[in-house]
Amino acid sequence: MKVVICNSNVEAAYIAADMVTAQIESKPNTVLGLATGSSPLALYEELVNRYRRGDISFACTTMFLLDEYVGLPVDHPQSFKTFIRRVFTDQIDVKAKAVYVPEGNALDDQEACRKYEVSIVEAEGIDLQILGIGSNGHIGFNEPSSSLASRTRLITLTEQTQRDNAPYFDHRNDMPTQALTQGIGTILDARSIILVAFGLKKRDVVKSAVEGPVTAMMPASSLQLHPNVTILIDEAAASELEHSEYYRSAFGGVTS
Ligand code: F6R
């Protein structure tokens, strides 16, 4: 794992945007995996800025979202489909039909999840996956106890995740209790992964994910099994790490 301790989430966004840019330059038909949530917002903003300046084109890319709530109308302002369109994909030149989102309203969840996996395989796999991390260590919506080999499936959200995400909804009761999510096995199939995490609220899960044991109870610890992961964090999120001096000396050069 490459752990890069950044001065701010804006600096992390630049570094991540440089990685996305390099990936698309080397392979214009790159397949990107996208997280929603607050952590990657500065990255998406930076990528939109680069697109507007003419520095990058997404015209040949394909994008797969990590997850989608079950039971929300697709045009609900907090559906992940609407969210990613608003903050990123509607503002760049990716083709609308090249942006895939798990079908949270499918009549047959299992079939929708199976089809999602097939679509990823047909796109020849995800080249670069962007991840955030939940306050309970989830990646995608793979809650603690998710199999490290899990594939795209229906999952019930923990009380903690429901509490964390409820503020985005007008009424607490509007917050869905289930989602479709790429599995941990699906995520680990990506050829490279960037995880972004910021703030004191994430310091304990960052510590466990990076320096703790690999366990299904801390889904992000599964990233230790992947050969090409970059963790971009700020000082606050890094504040519990035991080996931060090593990360600064080994990987700090990326930021300076
Ligand atoms: C979002 C997702 C989640 C979030 C995580 C962190 O698509 O899959 O794993 O990345 O809940 O959310 P934020 O960034 O809002 O703290």
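**Chat about the ligand site and salt bridges**

A: To kick off with this predicted model: a polar backbone atom of glycine 140 lies 2.7 Å from an oxygen atom of the ligand.

Q: How much of the ligand's accessible area does the protein cover?

A: The ligand on its own has 410 Å² of accessible area, and the protein covers 91% of that.

Q: OK, and which side chains have a polar atom close to a ligand oxygen atom?

A: Serine 39 is one of them, with a polar side-chain atom 2.5 Å from an oxygen atom of the ligand. Histidine 138 is another: an N or O atom in its side chain is 2.7 Å from a ligand oxygen atom.

Q: Which residues around the ligand come nearest?

A: There are 14 residues around it, and the nearest are Ser39, Asp67, His138, Gly140 and Lys202.

Q: What's the mix of nonpolar, polar and charged in that shell?

A: Eight polar, four nonpolar and two charged.

Q: And where does the ligand sit?

A: In the largest pocket.

Q: Switching topic: how many salt bridges turn up in the whole structure?

A: The search finds 13. One of them links aspartate 90 and arginine 85, where the closest N and O atoms are 3.2 Å apart.

Q: Why do aspartate 90 and arginine 85 count as partly exposed?

A: Partly exposed runs between 20% and 50% relative accessible area. Aspartate 90 is at 48%, so it falls in that range, and arginine 85 does too because its relative accessibility is 41%.

Q: Which residue does lysine 207 form a salt bridge with?

A: Glutamate 242, with 3.2 Å between the closest N and O atoms.

Terms used
Residues are numbered from 1 along each chain as its sequence is written. This is a predicted model: local features need pLDDT of at least 70, side-chain atom pairs count only at pLDDT 80 or more; totals for chains, interfaces and linings use all residues. Side-chain values use heavy atoms; hydrogens and water are left out. A residue is near a molecule or strand if one of its heavy atoms lies within 4 Å of it. A polar contact is a pair of N or O atoms within 3.5 Å; within protein, one must be able to donate a hydrogen and the other to accept it, and residues adjacent in sequence count only if both atoms are side-chain atoms. Accessible areas come from the Shrake-Rupley method with a 1.4 Å probe; for residues, only the protein chains shown count as cover. On a 1 Å grid over the protein atoms alone, a cavity is a set of points where a 1.4 Å probe fits but cannot get out, and a pocket is an open set with protein on both sides within 12 Å along at least five of seven lines; lining residues have an atom within 4 Å of a point. A molecule sits in a cavity or pocket if more than half of its atoms lie within 2 Å of its grid points. Ala, Val, Leu, Ile, Met, Phe, Trp, Tyr, Cys and Pro count as nonpolar, Asp, Glu, Lys and Arg as charged, and the others, Gly among them, as polar. A salt bridge is a side-chain nitrogen of Lys or Arg within 4 Å of a carboxyl oxygen of Asp or Glu. Buried means under 20% relative accessible area, exposed over 50%, partly exposed in between (1.4 Å probe, protein chains only).
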